[in-house]
Structures are given as structure tokens and as C-alpha cells.
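Hello,

Here is the structure we talked about handing over. Please open it first; my notes follow below.

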Amino acid sequence: MKKRDWILIGGLLVLALVITGLSFLLRQGGDYVVVRVDGAEVARYSLSQEGEYALNGGTNVLRIENGSAYLVSADCPDLLCVKQGKIRYGGQTITCLPNRLTVTVYSSRQNDVDLVAN
């Protein structure tokens, strides 16, 4: 490898770090979560309203507190959805594949664009 190759690699790494840093600095806190089962919206909850909600016929339990949402319990075998932890920023998602459930944070202050065509 030549000197110019190393300069190119270094420049790309610096650019990647700058973009990553900006994305963390500019992210917005979410305002509400949307719960979907089989891709269809079944509930919408404000992140400012604390509470605990049984989802999908009680197979999952969602808790909202301190502006964050997380799954407290689930009846799936691996409990990966529970282990995903708290979400609070626009675009973050918790997914429970066995129960076909997603919980996604949205912000009303941003233009939410769904990049996946329905």
C-alpha cells in the first residue's frame, strides 16, 4: 500500500467519525411510541404519560417512564425484546419477532419518512 492509500483510508475514517458524532449530537428525543402487530398499528402512547400497558393480548407488557419505553415482560422463549432495553429517541425500535410486535419511537418535531414502501 502506498502513502496515498493510507491518506484515503484515514480521511474516510475521520469522515465516518464526524458523521457518527453529528448523528448523536443532533438526535431528537421522541414524543410517542407506535405499537404494531403484524405491521398494523394497534396502539399509540405518549412518552410523557407514564404507565404500563398489556400488548398483543397480554403476550408483552410495555412500560413508559421518564420519557423512555421498554418491554418489561414477554412470553417468547428468548426474551430478546425485553433485553433490548429502553428507547427514547426518534427512530429507535424494539422488536419481538415471535409475537410479531414492534414498538417504535417517533418525534412530532421531525419529518418522519418511512423509507420502506408498503
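**Cysteines, sheets and salt bridges**

There are zero disulfides in the structure, a disulfide being a pair of cysteine sulfur atoms within 2.5 Å. This is a predicted model: local features need pLDDT of at least 70, side-chain atom pairs count only at pLDDT 80 or more, and totals for chains, interfaces and linings use all residues. Residues are numbered from 1 along each chain as its sequence is written, and side-chain values use heavy atoms, with hydrogens and water left out.

Why is cysteine 81 not bonded to cysteine 96? The sulfur of cysteine 81 has its closest cysteine sulfur in cysteine 96, 3.6 Å away, and that is too far for a bond. Cysteine 96 is likewise in no disulfide. Cysteine 81 is buried at 2% relative accessible area. Cysteine 96 is buried too, with 2% relative accessibility. Buried means under 20% relative accessible area, exposed over 50%, and partly exposed in between (1.4 Å probe, protein chains only).

**The four-stranded sheet**

Helices (H or I, at least four residues) and strands (E, at least two) are DSSP runs, numbered from the N terminus. Two strands pair if DSSP finds at least two bridges between them.

One open sheet has four strands in the order S2-S1-S7-S6, with antiparallel pairing. Its edge strands are S2 (40–46) and S6, and each pairs on one side only. Neighbouring strands are turned by 15° against each other on average, direction ignored. For such angles, axes are lines fitted to C-alpha atoms (for helices over the stretch in contact), and angles run from 0 to 180 degrees between N-to-C directions.

Cysteine 96 sits in S6 (residues 93–96), on the covered face with Ile94. Thr93 and Thr95 make up the uncovered face. In a regular strand the side chains alternate between the two faces of the sheet.

S6 pairs with S7 (residues 101–106) in the antiparallel sense, over four bridges. Threonine 93 stands opposite threonine 104 in S7. The two strands form a hairpin with four residues between them. In that turn, arginine 100 has a positive phi of about 55°.

**The three-stranded sheet**

A second open sheet runs S3-S4-S5, also with antiparallel pairing. S3 (51–55) and S5 (68–74) are at the edges. Each has a single partner strand, so one side of each has no neighbour in the sheet. The twist averages 25° from one strand to the next.

S5 is largely enclosed by the rest of the structure, because five of its seven residues are buried. S5 and S4 (residues 60–65) pair in the antiparallel sense over six bridges. Asparagine 60 has alanine 74 in S5 as its bridge partner. Glutamate 65 is partnered by serine 68 in S5. The hairpin of S4 and S5 has two residues between the strands, and asparagine 66 takes a positive phi near 55° there.

**Salt bridges**

How many salt bridges does the rule give? The count is three. The rule asks for a side-chain nitrogen of Lys or Arg within 4 Å of a carboxyl oxygen of Asp or Glu.

- Aspartate 38 and arginine 100: the closest N and O atoms are 3.5 Å apart. The pair links distant parts of the chain, 62 residues apart: aspartate 38 is in the loop between S1 (32–37) and S2, arginine 100 in the loop between S6 and S7. Aspartate 38 is exposed at 53%, and arginine 100 is exposed at 55%.
- Glutamate 52 and arginine 63: 2.5 Å, N to O. This pair joins S3 to S4, 11 residues apart along the chain. Glutamate 52 is partly exposed at 46%, and arginine 63 is partly exposed at 26%.
- Arginine 44 and glutamate 41: the closest N and O atoms are 3.1 Å apart. Arginine 44 is partly exposed at 48%, and glutamate 41 is partly exposed at 41%.

**Helix H1**

Leucine 26 lies in H1 (residues 3–26) and is exposed, with 64% relative accessible area. Glycine 10 also lies in H1 and is partly exposed at 28%. The C-alpha atoms of glycine 10 and glycine 57 are separated by 52 Å, with their positions 47 residues apart along the chain.

Best wishes
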